[in-house]
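Student: Please take a close look at one part of this model with me, and set it into its surroundings step by step. I would like a connected account rather than a list.

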Amino acid sequence: MPVQFQMASDQSLLVSFSNKVTLDAHQSVRKLLRLLAAEPVPAIRNLHPAYNSILIQFDALKMEHRELKAILRKYLQRMRQVKLAAPREIEIPVCYGGVYGPDLTEVAALHGLAADKVIELHSSRTYIVYFLGFVPGFAYLGELAAELFTPRMQTPRRAVPAGSVGIAGNQTGVYPFATPGGWRILGRTPAKMFRADNDTLSLLSVGDRVRFRAISAEEFAAWESM
C-alpha cells in the first residue's frame, strides 16, 4: 500500500503506511520519526506515532496541509537511507494471578485454557513496542498469541494499580500509574515503567523488544524492597 495522507483536522495530518499492523509499517514509522527528529520541520508541533501511522500536528498559521505533504514526500524519498539501531531487549518480571492478576482465571476460562497455559502463552513471546500513549510511560505492545485475543472489559475499573500487566484485543501493556482502565489484568510487575529521573521518562521506547518473565510473590516482594 502506498503512503497515504489524510487531513485529520485543520492543524493535523495523518500519514499512514498500511491499513494493517505489520513490521514493515512499524519500521517505516520509526524511520520517518528518525528523519523528523534529525531534521525538524519548524511548523510541526507534535508527532504521535501509532501502529502503522503518525499523526502530525502543525502550526496552521505557518503552514498548510499541502505544504506539509510536499515536505514529507521529500523525507519519504530518503527513508531507505535511514539505518535503525538494533532494538533494545527488555525483560519485565511479572507475578501472575492472585491479587496481582485478578483476571487471569477469567481469561483462562474464556479461552478454555488452564491458568498456567495463559501465563506460558503471555510470557513466551517477544513483543514490539509500537507506540506510547494513554498516560506517560504506557507502551502498546503487540502482538499477543492468537489464543489470548480478549476484548476489553465491558465496565472499566475505577482504579488499576501501577505495574498491572493487562491485555486487550491483541495487545498487552503495563500500567505505569494507578489509573482507571478496562484491560484484563493478568499480573503485576515491580519494575517502574515511568522514571522521572530518566531523560526519556519511560522504561520502554518505540521499537524496543519486550519479554515478560514469571516470578513468585516472594520475588515480587524482594524486588519491591530493593
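Tutor: Two strands are taken to pair if DSSP finds at least two bridges between them. The model is a predicted one, and the part to follow is strand S13 with its partners, and then the aromatic residues in the loops beyond. Strand S13 covers residues 209-214, runs antiparallel to strand S6 (residues 127-132), and is joined to S6 by two bridges. One of the residues involved is tyrosine 127, which has valine 210 of S13 as its bridge partner, while isoleucine 128 is partnered in S13 by arginine 209. Strand S5 is joined to S13 as well, in this case by six bridges and with the two strands running parallel; valine 94, for instance, has alanine 214 as its bridge partner in S13.

These pairings belong to a closed barrel of seven strands, in the order S5-S12-S9-S10-S7-S6-S13, in which the pairing is mixed. On average, and with direction ignored, neighbouring strands of this sheet are turned by 40° against each other. Helix H3 (residues 104-111) lies across three of the strands, S5 (89-96), S9 (164-168) and S12 (184-188), and runs at about 130° to S12. The axis of H3 also comes within 8 Å of the axis of helix H4 (residues 115-123), and the two cross at roughly 95°, which makes H3 roughly perpendicular to H4. On the side of H3 the contact is made by Leu104, Val107 and Ala108, and on the side of H4 by Ala115, Val118 and Ile119; sorted by kind, these residues are six nonpolar, no polar and no charged.

Returning to the strands, we can follow the chain from S6 into the loop between S6 and S7, where phenylalanine 134 is placed. Phi of phenylalanine 134 is near 70°, a positive value in a residue other than glycine. Most residues other than glycine have a negative phi. With a relative accessibility of 48%, phenylalanine 134 counts as partly exposed, because that class ends at 50%.

The structure holds 12 aromatic pairs, and one of them is formed by phenylalanine 138 and tryptophan 183, edge-to-face, with 5.3 Å from centre to centre and 90° between the planes. This pair links distant parts of the chain, since phenylalanine 138 is in the loop between S6 and S7 (139-142) and tryptophan 183, 45 residues apart from it, is in the loop between S11 (179-181) and S12. Phenylalanine 138 has a relative accessible area of 1% and is therefore buried, and tryptophan 183 is buried too, at 6%. The ring of tryptophan 183 also pairs with that of tyrosine 140: the centres are 5.9 Å apart and the planes stand at 70°, so this pair is edge-to-face. Because tyrosine 140 lies in strand S7 and tryptophan 183 in the loop between S11 and S12, the pair ties together parts that are 43 residues apart in sequence. Tyrosine 140 is buried, as is tryptophan 183.

Phe134, Phe138, Tyr140 and Trp183 are among the members of one aromatic cluster, which also includes Tyr51, Tyr130, Phe131 and Tyr175.

One further detail lies beyond tyrosine 140 along the chain: glycine 142 and glutamate 143 are joined by a cis peptide bond, with omega about -10°. Glutamate 143 is found in the loop between S7 and strand S8 (157-160).

Terms used:
Residues numbered from 1 in each chain as written. Predicted model: local features only at pLDDT ≥ 70, side-chain atom pairs only at ≥ 80, totals over all residues. Heavy atoms only, no water. Helix = DSSP H or I, 4+ residues; strand = E, 2+ residues; numbered from the N terminus. Axes fitted to C-alpha atoms, helices over the stretch in contact; angles between N-to-C directions. Contact = heavy atoms within 4.5 Å. Parallel < 35°, antiparallel > 145°, perpendicular 65-115°, else oblique. Nonpolar A, V, L, I, M, F, W, Y, C, P; charged D, E, K, R; others polar. Phe/Tyr/Trp six-rings, centres within 6.5 Å; stacked < 30°, edge-to-face > 60°. Buried < 20%, exposed > 50% of the residue type's maximum accessible area, 1.4 Å probe, protein only.
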